[in-house]
Each structure stands twice: as C-alpha cells, then as structure tokens.
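Thanks for coming, everyone. I would like to walk through one model today, and I will begin as soon as it is up on the screen.

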Amino acid sequence: MRLAVTLLVVLAVASVIGTVLTQNQQYAAYKQQFGMFWFEVFRHLGLYDVYHAGWFLFLMGFLALSTAICLVRYTPALVREMRGHRVRVTEKSLKTFRWQEEIDLDAGPQEAADRAAGVLQKGGYDARTEAGEEGSVYVGGQRGRLNRLGYVVLHGGIVVILLGGLIDGQVPLQFRELTGMAEPETEFNKPPSQIPSSAKLPPSNPAFRGNVTIPEGRETDVVYLQSGEGYYVQQLDFTVRNEDFRVRHYNTGQPKSFESDLVILEDGEEVARKTVSVNDPLTYKGVSLYQASFSDGGSRLQTQVWDLSSPGGEPREMEGQVHGSRTLGDYEVAFEGFGRHEVVPMPDPDKEGETVREDLGPHMDLQIALPGGSRVEVRSYMAPVRQPDGRDYHVQGLRMAGSQEGYQYLFLPVGPKGSLEPFMRFYGNLSQRASGAAQMSQELLLDAYREATEDLGPEWGPRGEKGHWLLQASLDAMLKLRNYPVPFLITLEDFDQVQAAGIQMTRSPGANYVWGGSILVLLGMMLMFYWPHRKVWAIVKPRDGGSRILLAGTTNRSRLDFELEFTRLRDGVEAAEASGKQ
Amino acid sequence: MTDQGPQDNAGLWRATGLYVLAVLLVALAGISLYEAGGGPPQEQARDSFFLEYLLESRSAVMWMNALFVGATALYWVYLVRPEPFLGRMASAVTWVASVMGMAGLGIRWRETYLAGPDWGHIPVSNLYEVVVLFCALTAFMYLLMERKYAVKTLGAFVLTVITAAVSFIVWYQFARAGAEIQPLVPALQSWWMKIHVPANFVGYGAFAISFGAAVMYIIRERAERRGRSEAFSVRRFPSLEALDDLSYKAIAVGFPVFFLATILGAAWAAEAWGGYWSWDPKETWALIVLLIYAGYLHARMTKGWQGRPLAWWSVVGFAATVFCFFGVNMFLSGLHSYGEL
C-alpha cells in the first residue's frame with residue numbers, strides 16, 4: 001500500500017515535466033534551447049514526448065498492474081467483511097471503542113435489547129439480537145456494508161480506464177516501431193505515392209489520431225499521424241471531400257464558427273454528408289472527423305502592379321496564388337496570405353473619444369525579397385479606407401519581415417470610384433516635368449495636376465473642393481513614397497478565395513472503456529466516502545429487576561458524522577425506554 | 001465554541017433552499033429592470049439607478065467583493081473576541097455576499113444576450129466570471145459546513161482565501177478590463193461548458209476549504225506540541241481531531257466532484273478536440289491535482305495516516321490546485337488558452 005502512495009506521487013511529479021517543457025516541438029527548437037549536449041540527454045530521456053516515453057508508460061502500466069493485484073488480493077477479505085455479521089462481542093472489546101455509553105433501564109434485558117434493536121432498525125441498521133449467558137442479550141447492528149464494495153468498484157474502474165487508454169495508445173504501432181517494422185517518414189511535402197510502405201498504416205489500424213488539410217473542392221483518403229520528427233500516413237477505407245469551408249463572424253469581427261461541408265465517398269458514391277464544426281464532429285465507420293483548424297487553400301488573387309520608378313503608365317495586371325510567388329525584375333514577390341475581413345476599432349466620427357468597429361475588408365499579405373537579401377512584408381487592402389479627414393485613401397502596411405512591430409502605414413489618396421489612377425497620373429506627370437525643368441514652379445505643378453485630372457470634372461480640378469484636397473494629399477503621399485523600399489506598388493483588384501479545412505480524424509475504441517471505468521470510479525467513491533460502514537453493538541445485562549445496557553459503536557470513516565449519529569441512537573434507546581414506561 | 005450547535009441535513013437543505021430562492025429573487029429583480037428599460041444594456045445601466053449601483057452584474061459583483069472583505073474582517077474579529085453577535089454578523093454578511101455573487105452571475109447571463117444578438121452564453125467563459133463563481137461557491141459550501149459542524153472559527157481562514165480571490169477580481173477588472181462581456185470563441189460553444197466549468201469550481205472550492213482547515217491544524221498542532229496550552233490557537237480553534245476530519249471531509253467532497261469535472265472535460269474534449277485526452281497542460285495539471293489528492297486519500301484510508309503529514313499534504317494539494325487554476329493560464333500555453341481557433 002505504501003507502494004501505491006509512492007506511485008501516485010511519482011506519477012504526479014513526472015506529469016509536471018511535460019507541462020513545463022513544451023512537448024512535440026521541432027528538434028531544431030530544442031537544440032537551440034538546450035545546446036547539443038543537453039538536447040541529446042533530454043532526447044534519450046524522452047522528455048520531448050514525456051507522456052509517450054517508455055518509462056512513463058511503464059509507470060502507468062505498473063500502476064494498472066499494482067491496482068489489479070491489490071484488487072485480487074483484497075477483494076475476498078472485503079467480501080467476507082461485507083457478508084459477516086457478528087452479534088456477540090466481548091464487553092472488553094466494546095470498552096475500547098471510542099463511542100460508548102452505559103444506560104440503566106427499567107425494562108428486562110430481552111425487552112430492552114428488542115427496543116434497542118428496534119431503534120437501530122429505524123436508524124437504517126441491520127440489527128440482530130442473540131441471547132447470551134446469565135440472562136444477558138447481545139445486539140449487533142451494522143449499516144453501510146456496501147462501503148466495502150466501494151473499494152472493489154473504484155479500483156476496478158481505474159483498471160478499466162487504464163485499459164481503455166492502453167487500447168487507444170497505439171500499442172501495436174509502437175511495437176512495430178520498436179521491432180523496426182514501421183518507420184516514420186521524415187520528409188514533408190512528399191506525394192503519397194512515393195511514401196514507403198513502412199510509413200503507411202492500413203485502414204484496419206484499430207486506433208489512431210491524425211490530421212489532414214483539405215482545400216475546398218478537394219478530397220483525401222489518408223490522414224497524417226505525427227510521430228517524433230516524422231509522420232505516418234494512415235490510409236482510410238473511404239474518401240473525404242471538403243465541399244466548402246466557412247468562417248462566420250460576430251459583429252465584433254471575432255470568429256463565431258468554423259465549419260466544413262464534408263462528404264464521405266466510397267467507390268465514388270456518396271455515403272454520408274455533414275457540416276462539421278468545432279464541437280460537432282462527423283462519425284463514420286468508427287472514425288470521427290473534427291473541424292480542427294483552417295488555412296488558406298491557395299486563393300487566387302488578381303493584382304495590379306504600378307511602376308514607381310517611372311510612374312504614370314498603365315498598371316500591369318498580375319495573377320497570383322496564395323502560397324505561390326512571382327518574380328518582378330530583381331524582386332521576388334511571395335503571396336503569403338489572404339483575408340476577407342479585418343475588423344478594427346476606429347475613432348467614431350459622431351462621438352468624440354469613442355470608437356466604432358470597422359471592417360477593412362479583403363486584404364492580401366505579400367513578402368517581397370529585395371535584391372540585397374532583406375525582405376519586407378506588405379499588407380495591402382483592396383478597398384479604400386475612409387480616414388478621420390473624411391477622405392478615402394488606399395492603405396498599405398509595411399514592415400521588415402520577421403519584425404515584431406506593427407505596420408507602418410502608407411496612405412495614397414484615391415479619386416472617383418476609389419481609383420489610384422489620378423494620383424499615379426499626377427505623380428507621373430510631375431516626375432516627367434521635374435526632370436525636364438530646371439526649377440519646379442507652382443505653374444508647373446498645377447499644370448501637371450490639371451492634366452492628370454482633366455476628365456474628372458470641375459470638382460476634381462485644382463480649385464474644386466475635392467481637387468484641392470487630392471492635390472495636397474498627393475503631394476504628401478509622394479514625399480512618403482520616396483522612402484518606399486520597392487520600385488513598384490501592388491494593389492489587389494479581385495480575388496477568388498479558396499480555403500482549406502484542417503480536419504482531425506480519430507478512431508478510439510478505448511473511449512467507451514474510459515467512460516465505463518469513470519462511472520465505476522465515481523460509484524466506488526460515493527460508496528467509500530458517503531456510505532461509511534458503521535457498526536453498533538449493545539450488551540444488555542440484567543440489573544436489579546431492570547437492565548444495564550452498554551452501547552458502543554465504530555465506523556471506518558467520518559468521525560464527526562458518526563458522533564452525531566451515535567448520539568441520536570443513544571437518545572433513541574433512552575427515549576424508547578421512556579415511551580415503553582407509559 | 002459557537003452559539004449554534006451542529007445541525008442535521010434537513011437544516012442544510014432548508015438553508016440551501018433559502019439561498020437558491022434569494023439568488024433567484026435578486027437575479028430576477030435585475031433582469032426585470034433590464035426588461036423594463038429596453039435599449040442597449042450599457043445605456044440602461046447608466047440610466048437606471050438600481051442597475052448602475054446595485055444589480056448590473058459588475059455592480060453586484062462589486063458588492064460581493066466589498067461584503068466578502070467585510071465578512072473576512074468580522075470572522076477575524078470574532079476569532080479574537082468570541083461574541084456570538086459578531087459570529088452571527090460574520091455568517092450573515094457572508095451569506096449576503098455569496099447571494100450577490102451568484103445573482104450577479106445570473107444577471108450577467110442575461111446581459112450576455114443583451115450585449116449581442118448571438119452572444120448569449122453562461123457566464124463561466126473567462127477568468128473574471130469563474131473567479132466570481134469560485135468566491136460565491138466556496139463561501140456557500142463553507143457556510144453549509146459551518147452550519148453542519150458548528151465551526152465558525154474556520155471562517156477566518158476560508159474567507160481569507162476568498163479575499164485573495166476578490167483582490168484578483170478587482171485587479172483583473174481594472175487593470176486588465178477583464179469584466180467586459182465578450183462573445184464565445186467557437187471552442188467554448190458547447191453544452192458541456194455549463195457543467196464542466198461549474199463542477200471544476202465545486203472541486204476548487206472544496207480544496208480551498210480543506211486548505212483552510214489544514215492551516216489551522218498546523219498552527220494549533222505546533223502550539224500544542226510546544227506545550228503552549230494558553231496559545232490563542234489552542235483556546236480558539238476547533239480541536240485537532242475536528243480540523244483533521246474537516247480537512248478530510250472537504251477533500252471527500254472535492255475529489256469526486258473534481259474527478260467528475262475532469263471526466264466531463266474529457267467527454268467535451270472528445271467532441272471538440274478529437275480525443276478525450278491530449279496531455280494539454282490544463283488536463284495534465286488536473287490529473288496532477290487528482291493524483292495528489294488520491295495519494296492523500298490512500299494514505300488516510302489504507303495506511304491510517306492522520307494529522308500533521310496529511311495537513312501538509314492538503315496544503316501542497318491546494319498549491320497544485322491554485323497552479324492548475326491560475327498558473328496554467330499564466331505560464332503555460334495550450335488548448336485551454338483559446339488563443340487558437
């Protein structure tokens with residue numbers, strides 16, 4: 001029994017390790033954190049996946065085994081204890097009990113004993129009487145003998161839970177790995193056809209838990225199981241298609257639900273269909289499919305490239321795809337991501353000091369590699385954004401790649417219909433004129449502006465209400481653009497969003513053992529804690545025409561409660577005497 | 001020791017019934033004020049005197065906070081000066097504080113529906129809300145224990161733990177704007193939350209009470225061991241035997257409930273995360289807490305341990321419990337952080 005306590009404490013301490021040291025990271029991260037020496041030491045100790053390390057599983061198995069052995073060893077004694085009902089006890093042993101009381105009664109021994117037994121019966125005790133020597137009578141009562149059964153049920157439940165965990169613990173796979181029959185694939189981005197059969201698991205594998213990313217409109221018949229630095233390919237005996245993935249939002253912009261329309265196919269025939277969302281999986285043939293994460297599945301982006309080195313020309317159309325990249329001269333443009341919404345707090349135009357939530361709408365994230373080797377990140381919004389001055393601007397965020405700081409924003413004023421063209425034309429005209437003229441004059445400037453906006457109507461002219469602003473804002477923007485690290489500007493024109501759902505698939509036949517075992521444990525605890533085994537004896541001896549009764553009790557738990565109960569029983573025995581007199 | 005003798009279970013049921021009734025009445029009063037007003041909740045709270053200063057959930061909780069601090073002071077004064085009136089006051093203030101906390105959560109439940117058309121959820125979804133639950137629930141459980149075993153002096157120690165939690169609420173509300181009502185992240189949108197979270201807090205509360213009794217045991221036992229029969233703790237604390245038993249009793253309540261809460265969490269995880277056990281830090285720490293108290297129960301029931309070692313064991317168990325509750329959120333990341341998806 002000392003072993004059990006030690007084992008519980010050791011397991012508790014061992015469990016702490018895995019919460020302090022982040023588990024299942026890339027080995028490179030650990031090497032950086034600990035250095036090569038300690039990295040190797042910790043790796044041999046299995047600290048990167050403590051809960052699946054051999055020594056941890058051994059401890060768990062040992063706990064299961066010792067619990068089972070205790071169960072086998074103690075159950076017969078407990079059953080005996082439960083069944084047994086001794087009525088005759090010696091006065092000497094009763095005198096050692098903590099709860100005892102001697103009461104003098106007027107009734108004769110047999111009558112007094114019957115009354116005492118009656119009081120015990122009323123109190124829920126199973127009470128019996130037995131005649132003893134010299135006219136004395138013994139009373140023996142007990143209550144809560146199921147308490148003893150609690151031990152058996154509780155520990156049986158623990159064994160069942162651990163068994164369930166063992167079933168789901170991929171023991172067959174671990175065995176095959178140990179014997180070299182299975183080996184995880186360590187090279188990612190390998191097409192399934194090239195993966196060796198030693199890293200493939202058959203559909204008959206009884207228990208697994210893996211992940212797979214399915215872009216919208218695509219299907220899969222495998223799922224990937226992480227294992228150390230590599231992975232296994234778990235084959236399924238059906239195909240899963242992701243028809244559509246959606247994110248729904250609250251009006252604050254926070255995500256409200258992630259959901260995928262999944263279809264299960266067998267031999268090309270649809271056999272099941274369900275919209276799975278977080279907290280609402282689909283189960284087919286014992287495999288449960290969960291909405292676990294999401295990512296971009298390669299959205300197609302239609303962009304325009306504005307030349308800044310010789311501005312003024314028409315923008316060039318450029319197509320891109322998220323996760324893909326394009327080369328522009330000496331620059332490499334990677335399409336990192338696309339988002340449909342970005343809700344941010346903005347100053348409320350009506351109430352000063354308050355904010356309103358505004359959706360900045362579709363935007364793309366680019367990473368541009370400069371010829372010198374450095375990289376910049378650009379976030380470009382498709383729609384113009386209204387600024388506190390009440391005017392619309394095209395907005396781009398800019399920062400060095402990997403920087404933890406926020407974006408630096410660039411605001412370019414837009415003309416009618418949110419178009420950048422008037423600004424770009426003005427910028428171009430001005431650049432041409434500035435290079436041709438010795439000196440920039442106001443006349444030259446107005447001329448360049450007029451030419452850029454002549455077909456927009458008088459209000460966009462230099463004296464027009466909007467034109468006045470556009471002219472000023474353009475000049476400000478041009479100053480800012482001089483520091484722009486890239487000689488072109490990419491804007492988002494249109495998009496075709498393709499999302500991908502991260503689906504987790506599990507088969508865990510052990511789950512039902514865990515639930516069943518848990519119910520047993522709870523039941524066992526209820527019996528052990530709240531149904532104490534209580535025993536009360538009375539020895540009634542004749543005394544001067546009446547009798548003297550020695551009442552004594554004992555319990556295996558909960559002394560405070562038994563104190564109250566014993567007091568009630570004693571009072572009951574006294575009261576019975578009183579009522580008997582009347 | 002006290003002015004009230006121990007009570008049987010019928011008395012406890014009566015007290016529970018009255019408590020539930022009081023919580024319902026106060027909560028309904030607050031909700032009906034919202035219903036009568038109409039319009040967005042923030043404005044109503046500004047326009048209605050009773051809402052703003054009494055029944056708006058944050059105000060109700062603030063009353064709970066103030067009353068718990070007052071009750072703690074009263075219990076300590078009562079510990080020093082055992083006048084029955086002080087003891088009755090301390091208990092009464094604790095009852096009212098707990099009612100305000102629970103009713104505040106009830107009103108907040110309604111407020112989540114008013115805050116956004118599709119926001120409604122049981123208010124156990126963030127740290128602010130669950131610490132309020134912890135305070136109200138722990139106080140309620142303690143009060144039942146106080147009635148049943150007539151151990152008023154325990155209140156000073158249990159209420160001190162609650163006051164520590166109250167300080168956290170106040171800090172979290174003002175320094176971190178933690179009292180704002182937010183919509184639920186998808187992972188929390190489940191029926192399981194309604195039972196998994198409260199069950200956990202019954203467990204936490206019971207372990208806190210056990211801790212209070214264990215600390216008293218350690219103090220008194222030390223005084224007795226050194227032969228200081230005139231020591232304050234020896235004169236005023238319950239007997240060592242009673243403290244030992246109370247500490248055990250609270251664990252006997254907390255352990256099965258905390259086990260159930262963990263299993264409910266596993267059932268939820270099976271539905272939301274795809275597996276009943278992921279060795280997520282919160283899960284693992286729940287297991288650690290269970291293992292520690294399982295060790296306690298084992299040592300007590302099968303090896304007959306009692307007294308000082310087990311009192312210290314209860315203290316260690318509560319330290320692990322506090323880490324499971326706060327520490328995991330603060331220092332460790334994982335599935336329970338809800339930072340992802």
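Across the interface of chain B and chain A, in what is a predicted model, the rule finds two salt bridges. One of them is formed by Glu241(B) with Arg98(A), where the closest N and O atoms are 2.1 Å apart. As for the interface itself, 62 residues of chain B are in contact with 61 residues of chain A. The size of an interface is often given as the accessible area lost when the parts come together. For chain B and chain A that figure is about 4,900 Å² buried between them, with 65% of it on carbon and sulfur atoms.

Let me stay with Glu241(B) for a moment. The residue is found in helix α10 of chain B, which covers residues 240–272, and if we leave aside its neighbours within four places in sequence, Glu241(B) is in contact with Arg98(A) and Arg559(A). Is Glu241(B) buried or exposed, or partly exposed? Its relative accessible area is 34%, and because that value falls between the limits of 20% and 50%, Glu241(B) counts as partly exposed. Within chain B, Glu241(B) and Tyr217(B) are 24 residues apart in sequence, while their C-alpha atoms are 8.7 Å apart in space.

Also in chain B, Ser233(B) has its place in helix α9, residues 232–236. With a relative accessible area of 6%, which is under 20%, Ser233(B) is therefore classed as buried. Which residues is Ser233(B) in contact with, leaving aside its neighbours within four places in sequence? They are Ile219(B), Arg220(B) and Ala223(B).

For helix α7 of chain B, residues 154–176, we can check the geometry against expectation. The helix has 23 residues, and at 1.5 Å a residue, taken over one less than that number, it should span 33 Å. The C-alpha atoms at its ends are 33 Å apart, so the model agrees with the expected span. Just after α7(B) comes Ala177(B), which takes a positive phi of about 50°.

Turning to chain A, I would like to return to salt bridges, of which a search of the whole structure finds 48 over all chains. Lys95(A) forms one with Glu102(A), the closest N and O atoms being 3.5 Å apart. Lys95(A) is partly exposed at 39% relative accessibility, and Glu102(A) is likewise partly exposed, with a relative accessible area of 39%.

Another salt bridge brings together the side chains of Arg145(A) and Asp126(A), at 2.7 Å from N to O. This pair links distant parts of the chain, 19 residues apart, with Arg145(A) in the loop between β3 (137–143) and α6 (146–168) of chain A, and Asp126(A) in strand β2, residues 126–131. Arg145(A) counts as partly exposed at 23% relative accessibility, and Asp126(A) is partly exposed at 28%.

The strand that holds Asp126(A) also belongs to a hairpin. Six bridges join β2(A) to β3(A), and the two run antiparallel, with Ala127(A) standing opposite Gly141(A) in β3(A). The hairpin has five residues between its strands, and in it Glu134(A) takes a positive phi near 55°.

A further salt bridge joins the side chains of Asp261(A) and Arg246(A), at 3.0 Å from N to O. Asp261(A) lies in strand β8 (residues 255–266) and Arg246(A) in strand β7 (residues 230–249) of chain A, so the pair ties together parts that are 15 residues apart in sequence. At 17% relative accessibility, Asp261(A) counts as buried, because the value is under 20%. Salt bridges that share partners also join Glu219(A), Arg241(A), Glu243(A), Glu270(A) and Arg273(A) into one network.

I will finish with a sheet in chain A, where three strands form an open arrangement in the order β13-β12-β23, with antiparallel pairing. Which strands stand at the edges? They are β13 (316–321) and β23 (488–496), and each has a single partner strand, so one side of each is left without a neighbour in the sheet. From one strand to the next, the twist averages 30°. Strand β12, residues 300–307, is joined to β13(A) by six bridges, and the bridge partner of Leu301(A) in β13(A) is Gly320(A).

Key
Residues are numbered from 1 along each chain as its sequence is written. Chains are lettered from A and ligands numbered from 1 in the order in which they are written. This is a predicted model: local features need pLDDT of at least 70, side-chain atom pairs count only at pLDDT 80 or more; totals for chains, interfaces and linings use all residues. Side-chain values use heavy atoms; hydrogens and water are left out. Helices (H or I, at least four residues) and strands (E, at least two) are DSSP runs, numbered from the N terminus. Buried means under 20% relative accessible area, exposed over 50%, partly exposed in between (1.4 Å probe, protein chains only). Contact means heavy atoms within 4.5 Å. Two strands pair if DSSP finds at least two bridges between them. Axes are lines fitted to C-alpha atoms, for helices over the stretch in contact, and angles run from 0 to 180 degrees between N-to-C directions. A salt bridge is a side-chain nitrogen of Lys or Arg within 4 Å of a carboxyl oxygen of Asp or Glu. Buried area is the accessible area (1.4 Å probe) that two parts lose on being put together, summed over both.
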